[in-house]
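I opened this notebook page to keep track of what I looked up in the model, entry by entry.

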Amino acid sequence: MLKERIDVSPKKREVLPRSRRQLDYVRAIRANDVVFGVGPAGTGKTYLAMAMAVSEFLKGNVTRIILTRPARESGENLGFLPGSLEEKIMPYLRPLYDALYDMMGNDEVAGLIERGVIEVAPLAFMRGRTLNNAFIILDEAQNTTAEQMLMFLTRMGFNSRCVITGDPTQSDLSGRERSGLLHAIETLRSVEEIGFIFFDTRDVVRHALLEKIILAYNGTGEGGGENE
């Protein structure tokens, strides 16, 4: 582990980066208002961004945490799924809730969500808003279109910061649609105030077999599945 701790809830252990690139990622988030974390599952992109959001909130540097994902996977969309709106969106947002509970505890998270301090919502719900004094995370960004990515980036208001995470190899968009994540990388790489960190399989920090699984699937050209 590399010694640059991220303090979360006093009841939980500190979070530490476990690879050099994870350390660079944490430092980039601290230094930039907008950061892209790009790479395969298991590299800690989402988890570390969540830890930084919780840490910044507990320090009083932001007053809200906003977590969002495009509600689109494997060709599904909300209109065709059964159940109420809450029931439809929960499977897409569950990984974000899980990370929050891991860092802050169920009761604390539930109270902050009830008060509107923490908001977990599909990307479509961000349209038309200006998000001030907030730490905003867009997860699974490979499933955005270029228009959705621009919409998201222009939600950022005063004293806010954004972290965008995704894996371009895991897009669930149709073949006719280009990923907004790839478009943003190409369009914004020259903007000095925006940080870009690119992970690879050497940064995987889950089960030891995961790196080999990712490499094997990448070699066959197959993809799909959850990204973090």
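The entries below go from one strand to its partners, then to a helix residue and the nonpolar cores.

**Entry 1, the model.** I note at the outset that I am working with a predicted model.

**Entry 2, strand β4.** I looked up whether the residues of strand β4 are buried or exposed. I found that 5 of the 5 residues in this strand, which covers residues 134-138, are buried, so I record β4 as largely enclosed by the rest of the structure. Next I checked the directions of the side chains, having in mind that in a regular strand they alternate between the two faces of the sheet. A134, I136 and L138 point one way from β4, while F135 and I137 point the other way, and all of them are buried.

**Entry 3, the partners of β4.** Which strands pair with β4? I found strand β2, residues 64-69, which pairs with β4 in the parallel sense over 5 bridges, and strand β5, residues 161-166, which is joined to β4 by 4 bridges and also runs parallel to it. To fix the register I wrote down one residue pair for each partner: I66 stands opposite I136 of β4, and V163 in β5 is the bridge partner of I137.

**Entry 4, the crossover and F152.** I followed the chain from β4 through helix α5, residues 146-153, to β5, and these three elements make a right-handed β-α-β unit. Within helix α5 I picked out F152, which is buried with a relative accessible area of 1%. What does F152 touch when its neighbours within four places in sequence are left aside? Its contacts are T68, L123, I136, L138, C162 and I164. For L138, which lies 14 residues from F152 along the chain, I also noted a C-alpha separation of 8.2 Å.

**Entry 5, the nonpolar cores.** I then turned to the largest nonpolar core, which has 36 residues, and found that Y25 and L100 touch the most other members. At least two residues of this core come from each of α1 (20-31), α2 (45-58), β2, α3 (85-104), α4 (106-114), β3 (118-122) and β4, with the largest share, 8 residues, supplied by α2. Having singled out L100, I listed its contacts beyond four places in sequence, namely M50, V54, L67, G105, V109, I118 and V120. My last note is on a second, separate core of 23 residues, whose members include V34, L138, A184 and F196; L138 is the β4 residue that I had already entered as buried and as a contact of F152.

Technical notes: Residues are numbered from 1 along each chain as its sequence is written. This is a predicted model: local features need pLDDT of at least 70, side-chain atom pairs count only at pLDDT 80 or more; totals for chains, interfaces and linings use all residues. Side-chain values use heavy atoms; hydrogens and water are left out. Buried means under 20% relative accessible area, exposed over 50%, partly exposed in between (1.4 Å probe, protein chains only). Two strands pair if DSSP finds at least two bridges between them. A crossover is right-handed if, with the strands pointing away from the viewer, the path from the first strand over the helix to the second runs clockwise. Contact means heavy atoms within 4.5 Å. A nonpolar core is a set of buried Ala, Val, Leu, Ile, Met, Phe, Trp, Tyr and Cys residues joined through side-chain atoms within 4.5 Å.
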